Amino acid sequence: MPSTRPAQPLIRELGRADYEPTFAAMRAFTDARTPDTPDELWIVEHPPVFTLGLGADKGHVLAPHGVPVVQTDRGGEVTYHGPGQVVIYLLMDLRRNKPGGKLYARQFVAKIEQAVIDVLAAYNLAGERVAGAPGIYMADGPRKGAKIAALGLKVRGNGCTYHGVSLNVAMDLAPFTWINPCGYAGLATVDMRTMGVEAPLEDVQQALARELARQLVSAEAAEPATNNL
């Protein structure tokens, strides 16, 4: 039977790492985990890469300009990862006893999105959800509706998850114009720097990881451990 003991996930800092070996490591971790394996959050910064969701239309990659295009098994369409972006992969077992009982996929997504909204709010930025379009978008001002965070997950039949969330901090945003981000032609994409916030990437990485941990497990659990992979 799955463990029902709530516990904070281990936060691992991978530094800057190529996408494909990280993708393979996520799958290997999930293949090998047992009901007692602690959940983990992996913080990583990727070199430039476009990734495709399982059912993505490759036509949404308009002009890759030499950036690698990698097929994955997450949900969603095409997105871009690159330097200056926080990426956190969530290796979770949703069957475990979380606040209010086990998490369902829709609740899981909502908690991830709320974590992003709360971190943006800490930097005086207003983010919001858009119905039918996972991720977080600017809620007001001249950039209202521009996407600042993307979300793509794989939830296996046993309730174990991988892939995760990305938040744009201080990026070269040009590659987003070479695709239809998340399958939407002409979707504007911004980062925190564009919105007037200069913040060290490491600070935002830690803030988002800790807020995800807070959202996803009971408040009574201990502070999350941090380790390097």
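Here is a quick tour of the fold, the empty spaces and a few residues worth a look. Keep in mind that this is a predicted model. The protein chain has 3 helices and 11 strands, and buried residues make up 52% of its 229 residues. Strand β9 turns up twice below: it gives the most residues to the lining of the largest pocket and also the most to the lining of the largest cavity.

**Overall layout**

- Going along the sequence, the elements of the protein chain come in the order β-α-β-β-β-β-β-α-β-β-β-β-α-β.
- Among the helices are α1, which covers residues 19–32, and α3, which covers 201–216.

**Helix α1**

- Start with a simple ruler check: with 14 residues at 1.5 Å a residue, α1 should span 20 Å, and its end C-alpha atoms are indeed 20 Å apart, so the two agree.
- If you colour α1 by burial, Y19, T22, F23, M26, F29 and T30 come up as its buried residues.
- Those buried residues sit on the same side of α1, because they cover an arc of only 125° around the axis.
- Turn to the face of α1 that points away from the buried side, and you'll find the exposed residues E20, P21, D31 and A32.

**The largest pocket**

- The largest pocket holds about 410 Å³ of space.
- It takes 28 residues to line this pocket, and G75, G76, L151, G152 and L153 are the closest to its centre.
- Elements that give two or more residues to the pocket lining are the strands β5 (78–81), β6 (85–91), β8 (133–138), β9 (147–155) and β10 (161–168), plus helix α2 (105–122).
- The β9 share of the pocket lining is 6 residues.
- Sorted by class, the pocket lining is made up of 15 nonpolar, 10 polar and 3 charged residues.

**The cavity**

- Rolling a probe the size of a water molecule over the atoms is how leftover empty space shows up.
- Count the cavities of 30 Å³ or more and you get 1.
- About 70 Å³ of space lies in the largest cavity.
- Its lining has 13 residues, with T79, K147, A150, F176 and T189 lying nearest the centre.
- Here β5, β9 and β10 are the elements that give two or more residues to the lining, and β9 puts in 4 of them.
- The cavity lining splits into 7 nonpolar residues, 5 polar and 1 charged.

**A buried aspartate**

- Look for D39 in the loop between α1 and β2 (40–45).
- With a relative accessible area of 4%, D39 falls under the 20% cut-off and therefore counts as buried.
- What does the side chain of D39 reach? The partner is the backbone nitrogen of D93, at 2.9 Å.

**Two residues with positive phi**

- As background, most residues other than glycine have a negative phi.
- N124, which isn't a glycine, has a positive phi near 65°.
- You'll find N124 in the loop between α2 and β7 (127–130).
- Is N124 buried or exposed? Its relative accessibility is 73%, over the 50% cut-off, so N124 counts as exposed.
- C182 also isn't a glycine, and its phi is positive too, at about 55°.
- The place to look for C182 is the loop between β10 and α3 (201–216).

Technical notes
Residues are numbered from 1 along each chain as its sequence is written. This is a predicted model: local features need pLDDT of at least 70, side-chain atom pairs count only at pLDDT 80 or more; totals for chains, interfaces and linings use all residues. Side-chain values use heavy atoms; hydrogens and water are left out. On a 1 Å grid over the protein atoms alone, a cavity is a set of points where a 1.4 Å probe fits but cannot get out, and a pocket is an open set with protein on both sides within 12 Å along at least five of seven lines; lining residues have an atom within 4 Å of a point. Grid points are joined across faces, edges and corners, and a volume is the space filled by probe spheres set on the points. Ala, Val, Leu, Ile, Met, Phe, Trp, Tyr, Cys and Pro count as nonpolar, Asp, Glu, Lys and Arg as charged, and the others, Gly among them, as polar. The expected span of a helix is 1.5 Å times one less than its number of residues. Buried means under 20% relative accessible area, exposed over 50%, partly exposed in between (1.4 Å probe, protein chains only). The arc is that of the directions from the helix axis to the C-beta atoms. A polar contact is a pair of N or O atoms within 3.5 Å; within protein, one must be able to donate a hydrogen and the other to accept it, and residues adjacent in sequence count only if both atoms are side-chain atoms.
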